[in-house]
Amino acid sequence: MTAPTMTAPQLALARNAADAALAVLPTSRALVAADPVVPDAGTVIDGQAITARFTGAASGEVVVVVGQDLADALRESPLGELDLTAAVRPALEAAARVFGPVVLDPGQLMEPEVALSALAAKEGAVAVPLRDEAEVRAVIGLALSQWPGDDPGAMNVAPRLAPTLTGGAGQSRGGLDMLHDVEMEVSAELGRTRMSVRELLSLIPGAIVELDRAAGSPADLLVNGRLIARGEVVVVDENFGIRVTEIVNPGTE
C-alpha cells in the first residue's frame, strides 16, 4: 500500500473523517485508524462495502468497508435480518460531515473490490485502514471533487490525537454484542385495515377509518417490521409514547 500524494491538511482531514466514522461504526474489536493510503488491493478485506455520494459544502464519495462478522451478525439478528446499509449510515454521515454541511444519498451495498476499485479511479482518492493489533478489519474510503488546499482558512482541521484503540485494547465483541450501538427504526401500530382503491380515494378530512383492534387494546411495537412488544399509549410531555406491558418472544408470533 502506497501513500497518497496529498498535502498535510488534506491527510489530516482524511484521518479526521476516519476517526469520526470509527466512533459510530459497529465493530467486533477495538480498532484504530491507520495512516491514509491509496485504495488498492491491499485495502480489500473479506466483508461488504457501502458507498454513498454527498454534496453540499463539499462534493464527493465515501465508502465504508466492514468485516463479514458484522454482516453476519446483522443477517442473523434475533430481530430478523437487519439492513447493513442502515446500520453503517451513521458512519458514512460522520465521515462526510467532517468536510462541512453535506447531504448524503441513500447509499448502496457493493462488493469491497468493486467499491474500492471505483473509488481508486477517482482523482485524489484515499483509503484509511481501520485495524486492531493484528490486521485491517475495516476501511474508510474518500474521494472529493476538490480537496481543500494548504490555506489554513480553507477549512478548519482539528489536530488529531495520537491513535488509540477504541473500546479498550484486547476487547472483542461478537454476535449480538456488536450490534448494541446500531440505531434502528422503531414504530408503533394501533391497528390495521384493508380498503379498496375506491374507498381510499373517497377519504376526506373527518372521515373515520375503522381498525382491526378494539378500543383499549394494546398497541404493537415493531422493529424492522417485526413485532417485539405491546404496550399502552401514553402522553409524555405532550408527545405520544408507549408504555411496554408485554415483550413478545421471537417465534411465538
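**Exercise 1. Describe how helices H2 and H3 pack in this predicted model, and name the residues that meet.**

*Solution.*
Step 1. Locate the two elements: helix H2 covers residues 68-75, and helix H3 covers residues 84-97.
Step 2. Consider the geometry. The axes of H2 and H3 lie 10 Å apart and form an angle of about 125°.
Step 3. Classify the angle. With this value, H2 is oblique to H3, because angles that are not under 35 degrees, over 145, or from 65 to 115 count as oblique.
Step 4. Identify the residues in contact. From H2, Leu70, Ala71 and Leu74 take part, and they meet Leu84, Ala87 and Val88 of H3.

**Exercise 2. Determine whether Gln48 and Thr85 are buried or exposed, and list their contacts beyond neighbours within four places in sequence.**

*Solution.*
Step 1. Place the residues. Gln48 belongs to strand S2, residues 47-56, and Thr85 belongs to helix H3.
Step 2. Apply the cut-off: a residue is buried when its relative accessible area is under 20%. Gln48 has 17% and is therefore buried. Thr85 has 13%, so Thr85 is buried as well.
Step 3. List the contacts of Gln48, leaving aside neighbours within four places in sequence. Its partners include Val64, Val65, Val66 and Gln68. Ala71 and Leu84 are also among them, and these two residues belong to the H2 and H3 sides of the helix packing respectively. Further partners of Gln48 are Leu109, Met110, Glu111 and Pro112.
Step 4. Do likewise for Thr85. With the same neighbours left aside, Thr85 is in contact with Ile50, Pro106, Gly107 and Leu109. Leu109 is also in the list for Gln48.

**Exercise 3. Examine the salt bridges within helices H2 and H3, and state how exposed their partners are.**

*Solution.*
Step 1. Recall the principle: side chains of opposite charge can pair when their charged atoms come close.
Step 2. Treat helix H2. The side chains of Asp72 and Arg75 form a salt bridge, with 2.4 Å from N to O. Both residues lie in H2, three residues apart, which is about one turn of the helix.
Step 3. Treat helix H3. Glu93 and Arg89 form a salt bridge in which the closest N and O atoms are 3.0 Å apart. Because they are four residues apart in H3, about one helical turn separates them.
Step 4. Assess accessibility. Asp72, at 24%, is partly exposed, as is Arg75 at 40%. Glu93 is partly exposed at 28%, and Arg89 is partly exposed at 24%.
Step 5. Place these pairs in context: the count of salt bridges comes to eleven.

**Exercise 4. Establish which residues are joined in a network with Arg213 and Asp220, and then relate Asp220 to Glu232.**

*Solution.*
Step 1. Begin with the pair. Arg213 and Asp220 form a salt bridge, their closest N and O atoms being 2.9 Å apart.
Step 2. Compare the accessibility of the partners. Arg213 is partly exposed at 26%, whereas Asp220 is buried at 10%.
Step 3. Extend the pair. Through salt bridges that share partners, Arg213, Asp220, Arg230 and Glu246 are joined into one network.
Step 4. Turn to Glu232. This residue lies in strand S10, residues 226-236, and is partly exposed at 42%. The C-alpha atoms of Glu232 and Asp220 are 9.0 Å apart, and the two residues are twelve apart in sequence.
Step 5. Complete the surroundings. Apart from neighbours within four places in sequence, Glu232 is in contact with Gly241, Ile242, Arg243 and Thr245.

**Exercise 5. Describe the backbone and the exposure of Asp237 and Glu238.**

*Solution.*
Step 1. Locate the residues. Asp237 is in the loop between S10 and strand S11, the latter spanning 239-247, and Glu238 is in the loop between S10 and S11 too.
Step 2. Inspect phi. Asp237 has a positive phi of about 50° although it is not a glycine. Glu238, also a residue other than glycine, has a positive phi near 70°.
Step 3. Apply the cut-off for exposure, which is over 50%. Asp237 is exposed at 69%, and Glu238 is exposed at 78%.

Terms used: Residues are numbered from 1 along each chain as its sequence is written. This is a predicted model: local features need pLDDT of at least 70, side-chain atom pairs count only at pLDDT 80 or more; totals for chains, interfaces and linings use all residues. Side-chain values use heavy atoms; hydrogens and water are left out. Axes are lines fitted to C-alpha atoms, for helices over the stretch in contact, and angles run from 0 to 180 degrees between N-to-C directions. Contact means heavy atoms within 4.5 Å. Buried means under 20% relative accessible area, exposed over 50%, partly exposed in between (1.4 Å probe, protein chains only). A salt bridge is a side-chain nitrogen of Lys or Arg within 4 Å of a carboxyl oxygen of Asp or Glu.
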